[in-house]
Amino acid sequence: MVVSRRAALAALLVFALGCAPERAPDAGADLQRRAERAPDAGADLQRRAERAAVRVAAILGRPVRPSVELAENAAHAARTAGVGSVEGLAALAHDGRVIVIPENYAKLTPTGRDVVLAHELTHVAAGTGGLPPWLYEGFADYVAYKDAGLAVPVAAAELATEVRAGQVPRELPDADAFAPGAARLAQSYQEAWLACRFLAARFGEDRLVRLYRDARRLGVERALPLPSGELVAGWRAYLREELE
């Protein structure tokens, strides 16, 4: 499992983005037990998870289970996911389900909660194995932000500030750019999201989904619908169009 942290819209969401294995166990019973201890929070989470699953399924073209586990607290979430800390994280994808950290999830706006759950369920449903972070994080954000009601310059505020100052990235973000504590972590997620958004705008959403599936099987270079150099050039122009 790979877990990274993003702080893209401080007032909206601060959440963990994780890589998801293929197995998707039934987490309903666990969620129900914890919902009994916090019925309002548990019921709201279940409703949002079900709506997020519908959104993810609409893009992937197949049913998606709302496999969500409400941890007891951050320490319990860290133990369950096998990580040292989940400080500042609202949720992460692990072992075929989304683990929600209640004390951090509760701080999110309603839109932030929906974005987090859709993003993490995309990791669970679509998988991430064999893919570069820019593609699996960007694709999960593409799914999560679609129909979320957020303007691109708002959702990519940090990157927009750089682009307006003439600082347009020259390359897609590499794996190091997504490491916890990276200097431009928020911008890296935004760059990845807009790379996938660019591909969908140019070739269609169905082609983006097929690219994702083919890339897991064949590798990104073979799955791309255009040479990588043209992808970067088109993406950079798209950043200017959307953010300047």
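This passage describes a three-stranded sheet with its packed helix, and one contact between two helices. The structure is a predicted model, in which local features require pLDDT of at least 70 and side-chain atom pairs count only at pLDDT 80 or more, while totals for chains, interfaces and linings use all residues. Residues are numbered from 1 along each chain as its sequence is written, and side-chain values use heavy atoms, with hydrogens and water left out.

Helices (DSSP runs of H or I, at least four residues) and strands (runs of E, at least two) are numbered from the N terminus. Three strands form an open sheet of mixed pairing, in the order E3-E5-E4; two strands pair if DSSP finds at least two bridges between them. Strands E3 (68–70) and E4 (91–94) are the edges, each pairing on one side only. The twist from one strand to the next averages 25°. E4 and E5 (residues 97–100) run antiparallel and are joined by four bridges. Leucine 92 lies opposite isoleucine 99 of E5. Helix H3 (residues 74–81) packs on this sheet and touches E3, E4 and E5, its direction making about 150° with that of E5. Contact means heavy atoms within 4.5 Å.

Helices H9 (residues 185–203) and H12 (residues 228–243) pack at about 100°, with axes 9 Å apart. Axes are lines fitted to C-alpha atoms, for helices over the stretch in contact, and angles run from 0 to 180 degrees between N-to-C directions. H9 and H12 are therefore roughly perpendicular (65 to 115 degrees). Among the residues meeting there are Leu194 and Phe198 in H9 and Trp235 and Leu239 in H12. The contact residues divide into 10 nonpolar (Ala, Val, Leu, Ile, Met, Phe, Trp, Tyr, Cys and Pro), three charged (Asp, Glu, Lys and Arg) and one polar (the others, Gly among them).

Methods:
Angles under 35 degrees count as roughly parallel, over 145 as roughly antiparallel, 65 to 115 as roughly perpendicular and the rest as oblique.
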